[in-house]
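Hi everyone, thanks for making the time. I'd like to walk you through one structure this morning, so let's put it up on the screen.

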Amino acid sequence: MLSQKAKDLFAKLDMEFPAVAVKYCYSQPEGVEHCGEVLSFCQFVKKAQVEGKKFFITKEDDNCFGKMVMGMIPKPPLGASGQAGYDFGVFKTQAPNARLYMKLTTLTPGTVNFVVFCPVAICDFDPDLVICVADPRQGDILMRATSYISGDLWESKASSVLACSWLYGYPYESGKVNYIITGLGHGMKRRKVYPAGRMLISIPYQKLNEVVQALDEMDWELIAMKEDPESKAELKRRMDRWQEMSPDFLIKE
């Protein structure tokens with residue numbers, strides 16, 4: 001179960017759209033209300049953020065291709081042919097859109113029949129993913145937390161359509177944190193889900209404990225970014241020591 005410390009740290013980020021926990025289920029989750037509303041998959045995180053409620057969806061509730069990413073339905077032949085992307089004007093021909101369908105991460109067919117969305121603040125289960133919508137300052141903190149302990153590189157794997165694959169399929173399958181920038185993807189932009197220029201960060205369960213530990217231990221504002229006299233003096237002391245250790249070290253404040 002998501003710890004209170006994790007909840008407190010995500011709350012401390014003070015994101016306009018609170019972090020949301022996502023859980024994939026084979027059987028209907030107990031004690032969770034059915035959404036009862038038909039939306040596109042990318043809109044359900046927003047619904048959890050705005051309403052502050054936990055709910056589950058099925059393939060009947062999704063009117064886009066998120067259910068395909070979840071393995072709830074096969075890849076639709078018309079969509080996989082590239083016709084939709086061509087007709088939307090996203091691709092010059094059908095071929096590049098069709099090629100994308102060969103690269104998408106989709107979950108094992110039939111294994112996910114229900115998806116739970118829940119604000120992190122009230123989460124009472126072990127999430128498969130935590131989704132954050134961050135401004136650049138918050139995104140800097142979160143992304144540094146993904147590499148503070150491990151040194152993992154920051155990567156963004158995305159495409160102009162089907163962002164749901166890279167946010168909800170790829171991180172779960174790969175164990176890697178992934179992010180995209182709002183305003184670049186076709187579906188969310190067309191539906192006006194979030195303001196442009198935010199970081200949509202997907203943290204899979206494999207990295208979640210590490211990210212929480214890092215958020216708890218690391219300095220959220222790095223010393224070189226601080227303007228108070230004490231921090232400036234301490235930074236100078238450290239950099240002077242570098243010069244003593246290596247006279248040829250030429251980095252200057």
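Let me start with a question: which residues point one way from strand 4, and which the other way? Before I answer, please keep in mind that this is a predicted model. Okay: Phe-114, Val-116 and Cys-118 go one way, while Val-115, Phe-117 and Pro-119 go the other way. In a regular strand, side chains alternate between the two faces of the sheet. What I like here is the burial: the residues on both sides of strand 4 are all buried. Put as a count, six of the six residues in strand 4, which spans 114-119, are buried, and the strand is mostly covered.

Now, who are the neighbours? Strand 1, residues 17-25, pairs with strand 4 in the antiparallel sense, over six bridges. If you want a spot to click on, Lys-23 stands opposite Val-116 of strand 4. Strand 3, residues 55-57, also pairs with strand 4 in the antiparallel sense, this time over three bridges. There, Phe-55 has Phe-117 of strand 4 as its bridge partner.

Let's move on to the helices. Helix 7, residues 136-147, packs against helix 10, residues 205-217, at an angle of about 115 degrees, and their axes are 8 Å apart. That angle makes helix 7 roughly perpendicular to helix 10. The crossing is right-handed. Helix 7 brings Ile-141, Leu-142, Ala-145 and Thr-146 to the contact, and helix 10 brings Lys-207, Glu-210, Val-211, Ala-214 and Leu-215. Sorted by type, the residues of this contact are six nonpolar, one polar and two charged.

That's my tour, thanks for listening!

Note on methods:
Residues numbered from 1 in each chain as written. Predicted model: local features only at pLDDT ≥ 70, side-chain atom pairs only at ≥ 80, totals over all residues. Heavy atoms only, no water. Buried < 20%, exposed > 50% of the residue type's maximum accessible area, 1.4 Å probe, protein only. Helix = DSSP H or I, 4+ residues; strand = E, 2+ residues; numbered from the N terminus. Pairing = 2+ DSSP bridges. Axes fitted to C-alpha atoms, helices over the stretch in contact; angles between N-to-C directions. Parallel < 35°, antiparallel > 145°, perpendicular 65-115°, else oblique. Left-handed = near helix turned anticlockwise from the far one by under 90°. Contact = heavy atoms within 4.5 Å. Nonpolar A, V, L, I, M, F, W, Y, C, P; charged D, E, K, R; others polar.
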